Amino acid sequence: MKTPKISLPHNPFNFIKKQKQEIGMSPDALYFRGVRKSENILLNIIDFDSEALEEKSLQNIAEAFPYSKKETVTWLNVDGLHDADLMKNISDGFELEQLILSTVMDTQARPTVQEFDNCVLVSIKMLQQDPDTNRISVENLSLILTESMLISFQEKKGDVFDPVRERIRKNRKRIRSSGTDYLAFALLDIVIDNYIYILGILGEKIEALEESLLVNPKKDVIEEINTYKRELNFIRKNIKPAREMILSLTKLDSELIDDDNEIHFRELQDNINQANDTSDSYREMLSDQLNIYHTTISSKLNDIMKFLTIFSVIFIPLTFIAGIYGTNFDVVPELHYEYSYYIMWGVMIIVAVGMLIYFKKKDWF
Amino acid sequence: MKTPKISLPHNPFNFIKKQKQEIGMSPDALYFRGVRKSENILLNIIDFDSEALEEKSLQNIAEAFPYSKKETVTWLNVDGLHDADLMKNISDGFELEQLILSTVMDTQARPTVQEFDNCVLVSIKMLQQDPDTNRISVENLSLILTESMLISFQEKKGDVFDPVRERIRKNRKRIRSSGTDYLAFALLDIVIDNYIYILGILGEKIEALEESLLVNPKKDVIEEINTYKRELNFIRKNIKPAREMILSLTKLDSELIDDDNEIHFRELQDNINQANDTSDSYREMLSDQLNIYHTTISSKLNDIMKFLTIFSVIFIPLTFIAGIYGTNFDVVPELHYEYSYYIMWGVMIIVAVGMLIYFKKKDWF
Amino acid sequence: MKTPKISLPHNPFNFIKKQKQEIGMSPDALYFRGVRKSENILLNIIDFDSEALEEKSLQNIAEAFPYSKKETVTWLNVDGLHDADLMKNISDGFELEQLILSTVMDTQARPTVQEFDNCVLVSIKMLQQDPDTNRISVENLSLILTESMLISFQEKKGDVFDPVRERIRKNRKRIRSSGTDYLAFALLDIVIDNYIYILGILGEKIEALEESLLVNPKKDVIEEINTYKRELNFIRKNIKPAREMILSLTKLDSELIDDDNEIHFRELQDNINQANDTSDSYREMLSDQLNIYHTTISSKLNDIMKFLTIFSVIFIPLTFIAGIYGTNFDVVPELHYEYSYYIMWGVMIIVAVGMLIYFKKKDWF
Amino acid sequence: MKTPKISLPHNPFNFIKKQKQEIGMSPDALYFRGVRKSENILLNIIDFDSEALEEKSLQNIAEAFPYSKKETVTWLNVDGLHDADLMKNISDGFELEQLILSTVMDTQARPTVQEFDNCVLVSIKMLQQDPDTNRISVENLSLILTESMLISFQEKKGDVFDPVRERIRKNRKRIRSSGTDYLAFALLDIVIDNYIYILGILGEKIEALEESLLVNPKKDVIEEINTYKRELNFIRKNIKPAREMILSLTKLDSELIDDDNEIHFRELQDNINQANDTSDSYREMLSDQLNIYHTTISSKLNDIMKFLTIFSVIFIPLTFIAGIYGTNFDVVPELHYEYSYYIMWGVMIIVAVGMLIYFKKKDWF
Amino acid sequence: MKTPKISLPHNPFNFIKKQKQEIGMSPDALYFRGVRKSENILLNIIDFDSEALEEKSLQNIAEAFPYSKKETVTWLNVDGLHDADLMKNISDGFELEQLILSTVMDTQARPTVQEFDNCVLVSIKMLQQDPDTNRISVENLSLILTESMLISFQEKKGDVFDPVRERIRKNRKRIRSSGTDYLAFALLDIVIDNYIYILGILGEKIEALEESLLVNPKKDVIEEINTYKRELNFIRKNIKPAREMILSLTKLDSELIDDDNEIHFRELQDNINQANDTSDSYREMLSDQLNIYHTTISSKLNDIMKFLTIFSVIFIPLTFIAGIYGTNFDVVPELHYEYSYYIMWGVMIIVAVGMLIYFKKKDWF
């Protein structure tokens, strides 16, 4: 199998930053913080119970309000967060506190679980790999969970939730006969599965590096390691707060979450813990690889330097001897013996070989 | 966008220090610890409920006392902490324990939350960027929260609270119809937003460095990294105890804080946690950058040393050969062949090229 | 005693990875995740109480269902997890939630304890050394504990539980008169004993290295250390989540676990804690060994470089002197004294010896 | 301001050590462990309530016994711990368990809080700077707090408590109208203030080093850093257990400590936490300084080595050329052209300049 | 005072290891795990109350059984653990669960506290210095604490408990009038005192090294540091689990431990915490020493290399100049001036001195 490729989004770390004008705003001001990723706002609704199923896309949010009174499970999905008026309407139409929608509009907010009188707000970062460019995109997902509705907010069109839609359409008993809490679980489960999927792609590259490192450490290994480290940090930075969020979620004692479904939320926790463990292992592997690389490189350099130094040292006395007999003293008896030149060569060879033997014996090369 | 600049205050770390004479003072002595930053003390009052609004600056603290009996929300702001008499008057006039005002006067105190019989004391460090010099100033902010009053103490005139004043003036329903606790939240929110704002400015510089580092690591990078590290430490040193303080605040079970407003205090906590996470990420980035820099520099040095050593080594045997034929022995047969000199050159070139090939093959350069 | 050898499995770290098609599956889908390790599925049953004992292998799972109604303790062992139909039958026949068997089929799942209405699910990784190849195999073991049955699931035929079977057969009073909880303990005890056993084999190699390191550090030591580190990481990666699982198990307040047996589960905890401590110690030892190795190597290299440099330095002035008297100036008075040549030698020897003395005195070699 | 100097005590770390004969002693044996620091034992008493004040020094401990029955607050200070008989008398006279006085006599004991039936025992290390020698002394302070008495034990005459005595004498209302718990707080407050004071002196030296390091890193910087590190470790080693002790104290639920005074004990905690934070910051600063120093030194050395190597390399081909024309071949045509010598110089200069340009271009110096 | 010496036992770390045949044993099998250290098993009994005292050595364990019914405190000491029959007898005779004695026989078990129906089991490692060889021995001590009996198990004859026996014999009121819990405390106290004593001996060596390191760092320092590190690790490895055990002991809420004696168990905790702190400090000291050593060595090497390189560099241009005038060109005008040779010397001296001045100025040596 060819290792799939991934690349980081353009601004991977999405560090929170505040503009001067944002300071001091009222906490429930409906102000969109983030980069607008879609032009139009799309509204889709799936309404079902174990028997009936209705799917349609809405032109106007007002069409969705009646569903909130129905006993059936209704999943309203909103793609695009930048329209304050729409948010105001949602707040009024579904009788949600404005603060909730203000939080939804802040795409830089930390993954969080908040319990309100009539609903629970859950938000998490979605990682998604663009199938064409392999570039990962980060998107903020907010879920508002009420008795009979689940409203999901995404920054732009296109998501990873098609398997859930399929399960609903195919009348898989479990999902059709459960409430909004199970639906929320199903969505979060996919989000975390995508963390693991993307982590797995990176992992394969790291494991491949492991082998190539032992065979022949090239100089660009270090760049590769740094790239992977950066990519891993990116994933970890998203896993860590998601993990805290999931933990809060399992501890949440809300009437909106059925006791029977708690086991699923604990399963989410197991999954994200496992993702976290794996990312820890990868980090250790990268750190070990870096050490191995440095050790190999420095040991190789030492070998070169040692070789070259020994080489120089062997010639130093030879050159000295030649220098001696290049002097122009009137009286240098050795110069006039017939075999002096050959003797000089002999001495030089003996000196050189002697030094080689000495160095070898001392285990210097 | 041009990256805005920041610079640290003159004494950024403001480490606690005690003078000999301060040791052993009574804990409720009204003694000003810190640097006097303003000459005059300014007293301003804003009194409001959902209908009326009154704003004025006071000549005398006694003018403020009647407000403490009114049902309306009153925000008394005091700029300047060095006047022990005034503090004594405030203590008496508002029936506050003297210990509270003694704590207010200690500008080196740690951010803290303390609950008293009739009030809550909150203190935090304010970071503020001077718009002209870009220098950050640190100021101690203390808030005394009673049933109907919020007394804020600052070290000098000028603050970051204008957005809140605007919201009060413009009759934003939320703030005008809430109590002193919401007002306190609004002020703390701005303080923390400023942490994030300043962190963001530093962050942009660090991210810019990231790129330039990969392109061309210059020697002054290390100085830049050290500067940023120092600046980041400065911000972290302020975030850390503020975070502990906010945590205590959310856990505080005081009648003065309305249950409905608890969600806002939890939001404060989310914000400061996010600021903390981001500062952790920046620290890791700086540490990674330092590693990359060192690796790059040392790898470059190794390349130079290797090149130069190899260069020397190639000439060593050549010089030796020349030395041999500079000797003055009577009998050196080679000297007398007609083409010896050219042969010597040939041998030398063969030796040099041979060594180059050998080194290349061994992957030494 | 000759140190036994071990080697890691082919894919030792078994990092969780998800395929695209696995994302979004229903949590109770009976989907086998892992590598199929056996062709056929084997079903064995041991049924006993303090008096009677029955052992047989089943052709059909339906034969096992009646045992679930019997008062006796029944241990059903299933080798092979890939058959979804069988799992479905087990779920129906023993009235177990399908989610349980879905978890059993996921061989990549994290060791876990989950309490259900009528049973407890325990899963752990088994490490086992193949007696022929010395290669370690990792296998997922799941135990379903009900009032009168213990169902164990393994990935393939062959296990480490023969001592327990022997104890049952030999009518060891303790095990024959206890319930399924004690049987589960006995199995987990063996799994952990195998961790310790394998850790011990690795430990002996590390301790042997310790000695050889002090005697003569060879270059391949570093490879050995890296190998051991990898092997130790592998074991640690299995111990860590097992430890968490055992801790949850001791905290479990289930009716299925008798109070009298709690002491045994605490003993499990002691054992795994001890294994963990030991693995920590080994890690420290490896890290110390690495340091000692690096220190030794670098100190040796420094010695060589120092020696060689000093050697070169001694010849430098000598060669210079020879060079001086190789010049062809018309007037070089020294050239014409009769003993000049001998004096030159004398000076050279004095210079060389003087430098040696100087270096020795400065403690440079 | 001239930075005040401090120096460590002779045996700064005062590590616990046991002599053979001390092993196995009964825990309430009145055995003095430590170095006897004073010849005579001094007994002083201050007895006061909000109206009256009595101060005297005692010849005999028996004179103090009646005070334990009085309603007034009595502070008995004992300088010198080596007299087992006196301790026995105190134990009997004030009806204190002998174990308490046994702990008091162990000057190596860890700072601790222990609650007994009729009293609370608090012990802490006092750091004090000798005004003449600037040497810091460490002394064990034990406080026994009963309903109406505070007995303080010090190792030798002379302490830091004069400000408290002054406050008592000057009839500062707060201290004169409070009980023994407030008096204990006042003493502990001074002890911690002294920690901060001494930490501040060290801090100024570290901050001064920070600046000088950036200007001109000298070799003795490393010795200075090591000295400061040692001094900081010394202070930290005393702060750490004191901090634990203060924490236990604030958690203590004793009738002997008035609810109103709990706020003061929390203040102690704030102070010691702040001292701890500051010492952490100083430690980081020292560690950063060490890094900067090493980076600077190694970068400087690299520059030197590079310069010198390049210098050598430039001369190598030049010397080689001269060697070529020093050969004595019969036929070396170049030797006989009239301008050969000048051409040789030209070639040499071209080679040297060419190499310099090449190196410069490659950014090697 | 001459520093006493210590040396580690032959197999200091006593890492747990399992033999193949030990895997899968029943937890209450009476199987001796460890090295048999004594041939015979010795049984001694001390029976006392505040009035009477009886001491004798037993031939047969059955002689001890009647004591278990007596009201007096009985201390039964067993030296030697390898006799399964004896253990079986003890189990039956004193009505102790067999599991307890199975744990006692496992000398590799982790220090532990276990509460049973009628007794408490405490086990800890004893460190003891052989007075002749200075070698430390590690021995497992198990204490079984019942209402009226304390049974202590040691691996071999000879222990550190003579001071306790003396205190019992001399009718020290405290120990004679207390129960078995106080006796157990007294024994554990001695064990911990021995930790501190041995730590103190090692500490003195480390502190001595500290001084010698600053004066003259020799090469064997590194070996010494490694030895001490190893010895410290050995002690730490024993302190750490003992500390956990003592903590469990203080938290134990058993009727067998009198409330009055709880303060003594807390004292144990203080002692072991202090030992732990001290061992932490020593570890830091060793780590600092290692750093200082490396810094010193590398700085010294750098000095040497710099000196030698500079030395070489000064001669390089001089040798070049001599080379120039060793050429045999027909026309080298300088060769024929009368003072050329002296001028050459002059130039050489000027060049050499000039370079020295330049290097000095650049602060290179």
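1. C:Asp106 lies in the loop that links α2 (98-104) to β4 (112-115) in chain C; helices (H or I, at least four residues) and strands (E, at least two) are DSSP runs, numbered from the N terminus. C:Asp106 counts as buried because its relative accessibility is 17%, buried meaning under 20% relative accessible area with a 1.4 Å probe and protein chains only. Leaving aside residues up to four places away in sequence, C:Asp106 touches C:Arg33 and C:Asn140 (contact: heavy atoms within 4.5 Å).

2. This is a predicted model, in which local features need pLDDT of at least 70 and side-chain atom pairs pLDDT 80 or more, while totals for chains, interfaces and linings use all residues. Residues are numbered from 1 along each chain as its sequence is written, chains are lettered from A in the order in which they are written, and side-chain values use heavy atoms, without hydrogens and water.

3. Between chain A and chain B, 56 residues of the former are in contact with 58 of the latter. The buried area is about 5,100 Å², with 63% given by carbon and sulfur atoms; this is the accessible area (1.4 Å probe) that the two parts lose on being put together, summed over both.

4. Chain A and chain B share 6 salt bridges, each a side-chain nitrogen of Lys or Arg within 4 Å of a carboxyl oxygen of Asp or Glu. A salt bridge joins the side chains of A:Asp28 and B:Arg174, at 3.9 Å from N to O. On the side of chain A that touches chain B, the elements giving two or more residues are β4 (112-115), α6 (221-251), α7 (262-324) and α8 (340-361). The largest share, 13 residues, comes from α7(A).

Terms used: Buried < 20%, exposed > 50% of the residue type's maximum accessible area, 1.4 Å probe, protein only.
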